[in-house]
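Here's a quick briefing to read with the model open beside you. Take a look at the chain, then work through the points by topic.

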Amino acid sequence: GWLPKEEIVNFIAVSESTPGPFAVNISTYVGMEMGGVLGAVCATLGVVLPSFIIILIVAKCYEKFKNSRAVKGCMSGLKPAAVGLIGAAILKAVGDALIPAGVTLLTAVSGPDFYVTIGIFALTVTLAFWKKIHPIWLILLSAGLGIAWGYLSPLIVK
């Protein structure tokens, strides 16, 4: 009840478009709107400090118990879980990027957009591994080719 829905939508748009964690961005933005600079500082600290303090406590305890058999077991179990979570996030992002909502897998892999995407990916991998092109240039090339295809595809594909 602090803010109208329209302002919340604006806050989300600004928070998503600025670098950094979403929670920190939106809390800083809302704090600034509600209480000025002091409100922004308090809101940001309110979001960041609890995690920071917990991590400090865990780090201190880890130092003391890192040679414990139970802690070593937990750590060895966390490694594959972390890899799995990262892998799941990658698969979700790739799925969302290549297969928009409402599109079936069959239509996604049969259209020209899919083949252009695969072509850009293959070109990028080739240039990255065999020609050792700097990643920034690869990102710019991929973006340029994607933008060009976005403009040209309505003219080419009918």
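The notes below go from the whole chain down to single residues.

This is a predicted model, so local features need pLDDT of at least 70 and side-chain atom pairs count only at pLDDT 80 or more, while totals for chains, interfaces and linings use all residues. Residues are numbered from 1 along each chain as its sequence is written, and side-chain values use heavy atoms, with hydrogens and water left out.

**The whole chain**

- The chain has 6 helices and 0 strands; helices (H or I, at least four residues) and strands (E, at least two) are DSSP runs, numbered from the N terminus.
- Going along the sequence, you get the pattern α-α-α-α-α-α.
- The C-alpha trace spans about 60 × 50 × 35 Å along its principal axes.
- Its radius of gyration is 23 Å, whereas a compact globule of 158 residues would come in near 15 Å. That radius is taken over C-alpha atoms, and the globule rule is 2.2 Å times the number of residues to the power 0.38.
- Just 12% of the 158 residues are buried. Buried means under 20% relative accessible area, exposed means over 50%, and partly exposed is in between (1.4 Å probe, protein chains only).
- Of the contacts with a separation of 6 or more, 19% link residues 24 or more positions apart; a contact means heavy atoms within 4.5 Å.

**The surface**

- About 12200 Å² of the chain is exposed, and carbon and sulfur atoms supply 76% of that. Accessible areas come from the Shrake-Rupley method with a 1.4 Å probe, and for residues only the protein chains shown count as cover.
- A nonpolar surface patch includes M32, V37, F52 and L56, and the full patch has about 930 Å² of accessible area together. Patches are built from residues with over 30% relative accessible area and no salt bridge: like charges are joined within 9 Å, and nonpolar side chains (Val, Leu, Ile, Met, Phe, Trp, Tyr) within 5 Å.
- L56 sits in helix α2, residues 22-65, and counts as partly exposed because its relative accessibility is 48%.

**Salt bridge and cysteines**

- The whole structure holds 1 salt bridge, which means a side-chain nitrogen of Lys or Arg within 4 Å of a carboxyl oxygen of Asp or Glu.
- The side chains of K66 and E63 form a salt bridge, at 3.5 Å from N to O. K66 is partly exposed, at 32% relative accessible area.
- How many disulfides does a search of the whole structure find? The count is 0, where a disulfide is a pair of cysteine sulfur atoms within 2.5 Å.
- C74 can't bond to C61, because its sulfur is 13 Å from that closest cysteine sulfur, which is too far.
- C42 is partly exposed, with a relative accessible area of 48%.

**Three residues to find**

- Is N25 buried or exposed? N25 is buried, at 14% relative accessible area. You'll find N25 in helix α2, touching S15, T18, P19 and G20 once residues up to four places away in sequence are set aside.
- K132 is in the loop between α5 (112-129) and α6, and K132 is exposed at 64% relative accessible area. K132 has a positive phi of about 55° even though it isn't a glycine. Most residues other than glycine have a negative phi.
- V157 lies in the segment after α6 (135-156) and is partly exposed, at 37%. Leaving out neighbours within four places in sequence, V157 contacts P112 and W149. V157 and D113 are 44 residues apart in sequence but 9.7 Å apart in space, C-alpha to C-alpha.
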